[in-house]
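The following exercises concern the structure shown below. Please attempt each task before reading its solution.

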Amino acid sequence: MFVVMTFIVPVRLFPLLMERGISPTLVPETGIRGIIEDLAYLLFIVVLSSLMIFFLARFRRLSLLSLLFSFFSIFLSFMAPYSILSLIVGEGLLSILVSMTMPMLWLIAFRLEHPKVALLISSILVMLTGSLSGLVFTLLMPLYVVILFLIVLSLYDYISVRSGPLKRLMELIPLSRDKGSISSLKGTPLFFVTAYIGIMNIGIGDIMSYTMLSCISLFLIGIHGAILSFLLLLSGLFITYLIMTRMKLKYAPGLPLPLLMGLLALAIFKAL
């Protein structure tokens, strides 16, 4: 399953960054006030982005949404690997050239006429981009801010999919739960921000969140605790799929169950 990348990427890269003295902080220097300010800033960005998606979807500006999503994904697919490579091997031509690989693959996937091959390439790129971006984000923000952000984001994801901007967007895009129709994502805004993982599609925001949880677990409770946390996350994702199947849903929020179950393992290990 492609979703394993959200665990493999932190496990492989996090130790390399730690060896170079690069690690996240637990709390901001300003303490509780800093946590509140950082969390408010992150939520402001999420709400602003959601409003933009909502209004573009409401007025059926899918071509503009596709343009924005494609720019977002291609930009992240360069900046995320470049940021990590710069920390590991240093800034320079090598880091730039290697980081240009993913944007070039995006252009190839977009131009491919075979929809299923294009979807396979785009799914791998979304997974890699989301995983690397989640790692970078975890390094930039204090860990306790990230934990609180993931909890709040899980609640927001549920509301957004049930009655918010994401529900509005998904209603405009014809989706089917039948595997034979996965190629229908080609030519829609979701093509640039969604990865097909064999049983369902998950968004790049979900992938970033899963990776952030893996990074937090590795840093706070070590590899064994991180493995348990990831297994519980996968269990939450599978339960979400079972709920979709039983209730015959075309889409469902991908954060609440996986993240909360993964955070449960984190809480248990920290309490021991």
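The exercises treat a helix, a surface patch and a core in turn.

The model is predicted: local features need pLDDT of at least 70, side-chain atom pairs count only at pLDDT 80 or more, and totals for chains, interfaces and linings use all residues. Residues are numbered from 1 along each chain as its sequence is written, and side-chain values use heavy atoms, with hydrogens and water left out.

**Exercise 1.** Compare the expected span of helix 3 with the distance between its end C-alpha atoms.

*Solution.* Helices are DSSP runs of H or I with at least four residues, numbered from the N terminus. The expected span is 1.5 Å times one less than the number of residues. For the 27 residues of helix 3 (residues 62-88) this gives 39 Å, and the end C-alpha atoms are 39 Å apart, in agreement. Helix 3 is followed by G90, whose phi is positive, near 100°.

**Exercise 2.** Determine which helix supplies the largest share of the nonpolar patch.

*Solution.* L93, I96, L97, M100, M104 and L107 make a nonpolar surface patch of about 570 Å². Helix 4 (93-99) and helix 5 (101-111) each supply at least two of its residues. The largest share, 3 residues, comes from helix 4. M100 lies in the loop between helix 4 and helix 5.

**Exercise 3.** Identify the contacts of L169 beyond its neighbours within four places in sequence.

*Solution.* L169 is among the residues with the most contacts inside the largest nonpolar core, which has 73 residues. Helix 9 (residues 204-247) gives the largest share of this core, 15 residues. With those sequence neighbours left aside, L169 is in contact (heavy atoms within 4.5 Å) with I53, A57, L62, L65, F69 and L190.

Conventions
Patch = residues over 30% accessible without salt bridge, like charges linked within 9 Å, V, L, I, M, F, W, Y side chains within 5 Å. Areas by Shrake-Rupley, 256 points an atom, 1.4 Å probe, with all protein chains shown as cover. Salt bridge = Lys/Arg side-chain N within 4 Å of Asp/Glu carboxyl O. Core = buried A, V, L, I, M, F, W, Y, C linked by side-chain atoms within 4.5 Å. Buried < 20%, exposed > 50% of the residue type's maximum accessible area, 1.4 Å probe, protein only.
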